[in-house]
Amino acid sequence: MPLARTADLLARAAADRRGLPAFNVITLEHAEAIAAGAEAAGTPVVLQISQNAVAYHGGRLLPLARACAEVAAGCAVPAALHLDHVEDFELLRAAPAAGFSSAMFDASALPHAENVAATAEAAAFAHRHGLHLEAELGRVGGKDGEPPLPAHTPGARTDPAEAAAYVAATGVDALAVAVGSSHAMTSRTAALDHALIARLAAAVPVPLVLHGSSGVPDADLRAAVAAGLVKVNIGTALNTAFTPALRAALAERPEAVDPRKVLAPARAAMAATVAQLAAVVALTDSQPVAEAVG
């Protein structure tokens, strides 16, 4: 089917009070695993390419973007393409022609007034070119090797009134909020502030996004969606599935030189993780929401 638009998938998920799973792509194996896992779960999905992933590929956006677009277009469930954690305006400007329907502009490390000004400029560009723009307020932490922020650090949680004012001042279409998760967690021990999520959902007129979701247990993910989060970003969990499976395959086949022999089981492990987490986020797995909230 043709590429879906992130804005349409978000609107449908919000109307259905379900989450929209969004998974980060580093290699073609990631993209294929995301598509296969989403098909297995029967859920719409967003394939995300971050600025860091673009840097990994030598700063060239188009090869990976076009590969992801082809994978997404061949997916049996609706799949959209999103450019994630963009800090470079030049990269944002390349997004429309590369097939993205949405982007996340990340000015969260800037002082508040500079964040507002830069994000408003990014949103104006995005809207002129048909892009849905996500931004971040508060500090999720854990990105690029930085430690998670302690809960009481100033700015470590997103304030609902400030978030509503930020959305009004910038014109963004979705807002990533800091509610207790952290990027790059390899253990699922994060504890989300569900009361804060509910207050943010009541105050902010655009869909809320959770970054750093790999470290959040299933029950907390379900409860977060029930409280009002819509888009749920997952990256590290794919790598924690992929890498051990790759190591095991290499250990079982020490003589192997054909990378397909060891990459295939690693890709399958990622697909299984995608299927499981996509079902949790979309609230289509067998566990009731009441269990998560309780």
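Let me begin with the interior of this predicted model. The largest nonpolar core holds 85 residues, and within that core Leu 47, Ile 49, Leu 92 and Phe 100 touch the most other members. Helix α11, residues 259–281, supplies the largest share of this core, with 10 residues. A second core, separate from the one just described, has nine residues, among them Leu 9, Ala 22, Val 46 and Val 230.

Phe 100 deserves a moment of its own. Which residues does Phe 100 contact, once neighbours within four places in sequence are left aside? The partners are Ile 49, Leu 61, Ala 65, Leu 81, His 82, Leu 83, Ala 95 and Leu 131. Ile 49 thus appears both as a contact of Phe 100 and among the residues that touch the most other core members.

Let me now give the overall figures. The protein has 294 residues, and 52% of them count as buried. Its secondary structure consists of 12 helices and eight strands. Among contacts with a separation of 6 or more, 72% are between residues 24 or more positions apart. The accessible surface amounts to about 12,100 Å², and carbon and sulfur atoms account for 58% of that area.

I turn next to one helix, α7, which spans residues 160–170. Its buried residues are Pro 160, Ala 163, Tyr 166, Val 167 and Thr 170. Viewed along the axis of α7, these buried residues fall within an arc of 115°, so they line one face of the helix. In general terms, an α-helix has 3.6 residues a turn, so residues three or four places apart point the same way. On the other side of α7, Ala 161 and Ala 168 are exposed.

What covers the buried residues of α7? The cover includes two helices, α6 (112–128) and α8 (194–203), together with the strands β5 (132–137) and β6 (174–177).

The ends of α7 can be described as well. At the N-terminal end, Asp 159 acts as a cap, with a side-chain oxygen 3.2 Å from the backbone nitrogen of Ala 161. Ala 161 is also one of the exposed residues of this helix. After α7 comes Gly 171, which has a positive phi, near 75°.

Finally, the salt bridges. A search of the whole structure finds four, and I shall discuss some of them.

Glu 90 pairs with Arg 93, and their closest N and O atoms are 2.6 Å apart. Both residues belong to helix α5, residues 89–94, where they stand three residues apart, about one turn of the helix. Glu 90 is exposed, at 53% relative accessible area, while Arg 93 is partly exposed, at 39%.

Lys 231 forms a salt bridge with Glu 134, with the closest N and O atoms 2.9 Å apart. Lys 231 lies in strand β8, residues 229–234, and Glu 134 in strand β5, so this pair ties together parts that are 97 residues apart in sequence. Is this pair buried or exposed? Both Lys 231 and Glu 134 are buried. Strand β5, I would recall, is also part of what covers the buried residues of α7.

A further salt bridge joins the side chains of Asp 258 and Arg 260, at 2.9 Å from N to O. Asp 258 is partly exposed, at 23% relative accessibility, whereas Arg 260 is exposed, with a relative accessible area of 63%.

Definitions and conventions
Residues numbered from 1 in each chain as written. Predicted model: local features only at pLDDT ≥ 70, side-chain atom pairs only at ≥ 80, totals over all residues. Heavy atoms only, no water. Buried < 20%, exposed > 50% of the residue type's maximum accessible area, 1.4 Å probe, protein only. Helix = DSSP H or I, 4+ residues; strand = E, 2+ residues; numbered from the N terminus. Arc of directions from axis to C-beta. Contact = heavy atoms within 4.5 Å. Polar contact = N/O pair within 3.5 Å; in protein donor to acceptor, adjacent residues only side chain to side chain. Core = buried A, V, L, I, M, F, W, Y, C linked by side-chain atoms within 4.5 Å. Areas by Shrake-Rupley, 256 points an atom, 1.4 Å probe, with all protein chains shown as cover.
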